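Okay, thanks for coming, everyone. Let me put the structure up, and then I'll talk you through one of the chains.

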Amino acid sequence: MATTVDARGLSCPQPVIMTLDAIKKGKDKEIIVFVDTDTSKENVTRAAESQGCRVKDVSPEKEGYRITITKD
Amino acid sequence: MPVKNFFATRWGIIGVGTIIGILAPLLQKLGNPGNMGICVACFERDISGALGLHRADVVQYMRPEIIGFVLGSLIAAYIFKEFRPRVGSSPIVRFVLGAFAMIGALVFLGCPWRTLLRLAGGDGNAILGLLGLIFGIWIGTLFLKNGYNLGRTQPTHTTAGWMLPLIMLGFLVLMIVFPQIPNEAKSGVLFYSLKGPGAMHAPLFVALIIGLGVGFLAQRSRFCTMGAIRDAVLFGQTHLLSGFISLILFAFLTNLVLGQFKPGFAGQPVAHTQHVWNFAGMALAGLAFALAGGCPGRQLFLSGEGDGDAAIFVLGMIVGAGFSHNFGLASSPNGVGPYGIPAMVIGFLVCLFIGFTMRKKAV
């Protein structure tokens, strides 16, 4: 199972706060984050990598991106 | 995978900070006021004056840098397919935050950008401003940690995203239709200062082109002076901070080269030495910027990429400047204005009210 974070429509720094929350508190190995701006995509990717997570995939989806993060 | 954005890398943000750090003192050399090569708050205040929203005759000029920031960002957003028209994340709250951010900034006499430029020019009073800014943003991060947010935006019509860029284009047209006439305080509908900082400016097209360039680069790099401090405090992240530091460093070096570095507290250009109010003014501005999610420059760049809520914040700042000067809230080189202190108290209460009450979890 994967934890899903929907950060679409939320501005800086909400997407990062929500992603870090999911990384720290979530039990799942995989976290999927939905964002709708390139800025959020970059910020979430950078934040996940700073936590030692791996960004497995970033794919465009509808009006934004779907970011798949895995915890080791 | 989408193409990697170089400007979003560490070297990208450092490069943009460096370029702004060099261009701002250069604009000062070309005619802009002291330690005010680029000041988003001051320049929006001057625009407010040019439009006659306030009648402080020393700060009235339609600043092309601000117009360039929005239009440069718009161009970058279109080229890189990042223009996303969106609105609906508490616009009225953003307007109020913009107005109080301006009121706080005008007590100190500068936005975060000018805080850095004042430091880089040797103005010791800016140390108090910077400490205030950090303090205000720190309070903002406490709210963010406790679930404060302004709610979600919604995608909307392209037209909505174009509104602020079109307003800026309109301002530019006004400047060309009603150009400055020597020794005349008014040209058509626009006011032009004859003395004071409003009378000091770089040539129109140089200022506009530099504004366009900075707007373009800042859109790509997401340069944000408030975010620099916020991310360091909130997440221990130094990405934006590295751009912030390179701006101070290169502005300092450029000032040295141009002979513009003059260390001291008294007699600094467009500044006063009331330390407590320098601190408090920037603390209020910092808190308002933190609650609104971006420094005044970033709000302009977001407006350029279609963010209608950031555009409302910008309009809040321009209107706030009107209130600041009409009500005697803004400081002068002699110190705080007659009603500056009560206005700051009200500003803090309003920001705290917003921070404490807007904590509903985003749905």
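So, what radius of gyration does chain B have, with its 363 residues? The value is 19 Å, and since a compact globule with that many residues would come out near 21 Å, the two agree. That's taken over C-alpha atoms, and the globule rule is 2.2 Å times the number of residues to the power 0.38.

Quick housekeeping: this is a predicted model, where local features need pLDDT of at least 70, side-chain atom pairs count only at pLDDT 80 or more, and totals for chains, interfaces and linings use all residues. Residues are numbered from 1 along each chain as its sequence is written, and chains are lettered from A and ligands numbered from 1 in the order in which they are written.

Along its principal axes, the C-alpha trace of chain B spans about 55 × 40 × 40 Å. Chain B has 14 helices and four strands; those are DSSP runs, helices being H or I with at least four residues and strands E with at least two, numbered from the N terminus.

Now, the neighbour. In chain B, 24 residues are in contact with 19 residues of chain A, contact meaning C-beta atoms, placed from the backbone, within 7 Å. On that side of chain B, strand S2 (154-155) and helix H9 (225-235) each supply at least two residues. H9(B) gives the most, with five.

Back inside chain B: among contacts between residues at least 6 apart in sequence, 82% join residues at least 24 apart.

Methods. Two residues are in contact if their C-beta atoms, placed from the backbone, lie within 7 Å.
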